[in-house]
Amino acid sequence: MKAWTKGILLGISLLMVGLLAGCGGQPAKDPNQVKVFIMGSEGFPQEMAEQIQQKLQQKLGSSLTVSVSTTPVYSPEKMVLEYVDRMDDIIILPENDMKSYATSGGHLVLDQDFDAKTYAKGVTKGAANEEDTDPAKQKEHLFAIPVNQMAVFKEIGYTKGDLYATVPIFANHDKAVKVLKAMIE
């Protein structure tokens, strides 16, 4: 075999190894990290996300590391990817999306953690468990906390009533609720 043929084969082999190495899945998530994702109907400013992250980190101290990410434009496809990725502990999204994901079983019920009367706008019909996905059988539960009732959003000057904080079904319940409480106080 000629030298240049061996070189091409070696190059292709190295390229394939490199590509396959990238298919190993995601790295394990830090157990002390809480990830918050925010997507508004018109996006959400990165500067505000950074302010929220800073304020939450100050409130929580070193017990948890908070990471807040956002996107500058609304994209239903990006929202689906956030759920498929299964890395977020809190997802803050527009009302219609919150209700849609609640109906399909995408959020944890927060009835035991927060007063549904206080956060009545976050109450909607939805799937409380995996067997509860028939819309005719679903009951109303607290699935979200309106961000306009959260101190951390008021502190940064975001007072619109269009976003809702939810805990995805795959999130760590205790960590997410701890951060939600920090956002409210």
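Visitor: Let's start with one residue: what is the relative accessible area of E95?

Guide: E95 has a relative accessible area of 31%, which makes it partly exposed. Please keep in mind, as we go on, that this is a predicted model.

Visitor: And which side chain does E95 meet in a salt bridge?

Guide: The partner of E95 is K99, and the N to O distance in this salt bridge is 3.1 Å. K99 is also partly exposed, at a relative accessible area of 32%.

Visitor: Where do K99 and E95 lie?

Guide: Both of them belong to helix α4, which covers residues 95-103, and they are 4 residues apart, or about one turn of the helix. As a general point, an α-helix has 3.6 residues a turn, so residues three or four places apart point the same way.

Visitor: OK, how many salt bridges does the count come to?

Guide: The count comes to 3 salt bridges. One of them joins K78 to E82, with the closest N and O atoms 2.7 Å apart. This pair also sits within a single helix, α3 (residues 76-85), where K78 and E82 are 4 residues apart, about one turn.

Visitor: Is E82 buried or exposed?

Guide: E82 counts as buried, since its relative accessibility is 8% and the cut-off for buried is under 20%. K78, on the other hand, has 30% relative accessibility and counts as partly exposed.

Visitor: What does K55 form a salt bridge with?

Guide: K55 forms a salt bridge with E155, and their closest N and O atoms are 3.8 Å apart. K55 is in helix α2 (residues 46-60) while E155 is in helix α5 (residues 151-155), so this pair ties together parts that are 100 residues apart in sequence. K55 is partly exposed at 25% relative accessible area, and E155 is partly exposed at 45%.

Visitor: Changing topic, how many helices and strands are there in the chain?

Guide: The chain has 6 helices and 7 strands. If you follow the sequence from its beginning, the pattern that you meet is α-β-α-β-α-β-α-β-β-β-α-β-α.

Visitor: In which sense do β1 and β2 pair?

Guide: Strand β1 (residues 33-38) pairs with β2 in the parallel sense, over 6 bridges. To go from β1 to β2 the chain passes through α2, and this β-α-β crossover is right-handed. Looking at particular residues, F37 has S69 as its bridge partner in β2, and I38 has T70.

Visitor: What does F37 stand opposite in β3?

Guide: In β3, F37 stands opposite I91. The strands β1 and β3 pair in the parallel sense over 3 bridges.

Visitor: How many of the residues of β1 are buried?

Guide: In β1, 5 of the 6 residues are buried, and the strand is therefore described as mostly covered, buried being under 20% relative accessible area. Strand β2 (residues 65-70) has two faces to look at: V66, V68 and T70 form the covered one, whereas T65, S67 and S69 form the uncovered one.

Visitor: Which residues touch the most other members in the largest nonpolar core?

Guide: They are I52, I92, F153 and M183, in a core of 37 residues. The elements that each supply at least two residues of this core are β1, α2, β2, β3 (90-94), α5, β7 (163-166) and α6 (173-184). The largest share, 7 residues, comes from α6. In general, nonpolar side chains tend to be buried together in soluble globular proteins.

Visitor: What does I92 touch?

Guide: If we leave out residues up to four places away in sequence, I92 touches V36, F37, I38, M39, V147, F153, L163, Y164, A165 and M183. Apart from this core there is a second, separate one of 11 residues, which includes M79, M98, A144 and F170.

Visitor: Back to α6: what do its buried residues pack against?

Guide: The buried residues of α6 pack against β1, α2, β3, β6 (144-146), α5 and β7. Those buried residues are K175, A176, V177, V179, L180, A182, M183 and I184. The helix has 12 residues and reaches 16 Å from its first C-alpha to its last, close to the 16 Å expected at 1.5 Å a residue.

Visitor: Last one: what share of the chain do buried residues make up?

Guide: Buried residues make up 42% of the 185 residues in the chain. You may also like to know that, among contacts in the chain with a separation of 6 or more, 70% are between residues 24 or more positions apart.

How values were computed:
Residues numbered from 1 in each chain as written. Predicted model: local features only at pLDDT ≥ 70, side-chain atom pairs only at ≥ 80, totals over all residues. Heavy atoms only, no water. Salt bridge = Lys/Arg side-chain N within 4 Å of Asp/Glu carboxyl O. Buried < 20%, exposed > 50% of the residue type's maximum accessible area, 1.4 Å probe, protein only. Pairing = 2+ DSSP bridges. Right-handed = clockwise from strand over helix to strand, strands pointing away. Core = buried A, V, L, I, M, F, W, Y, C linked by side-chain atoms within 4.5 Å. Contact = heavy atoms within 4.5 Å. Expected span 1.5 Å × (residues − 1).
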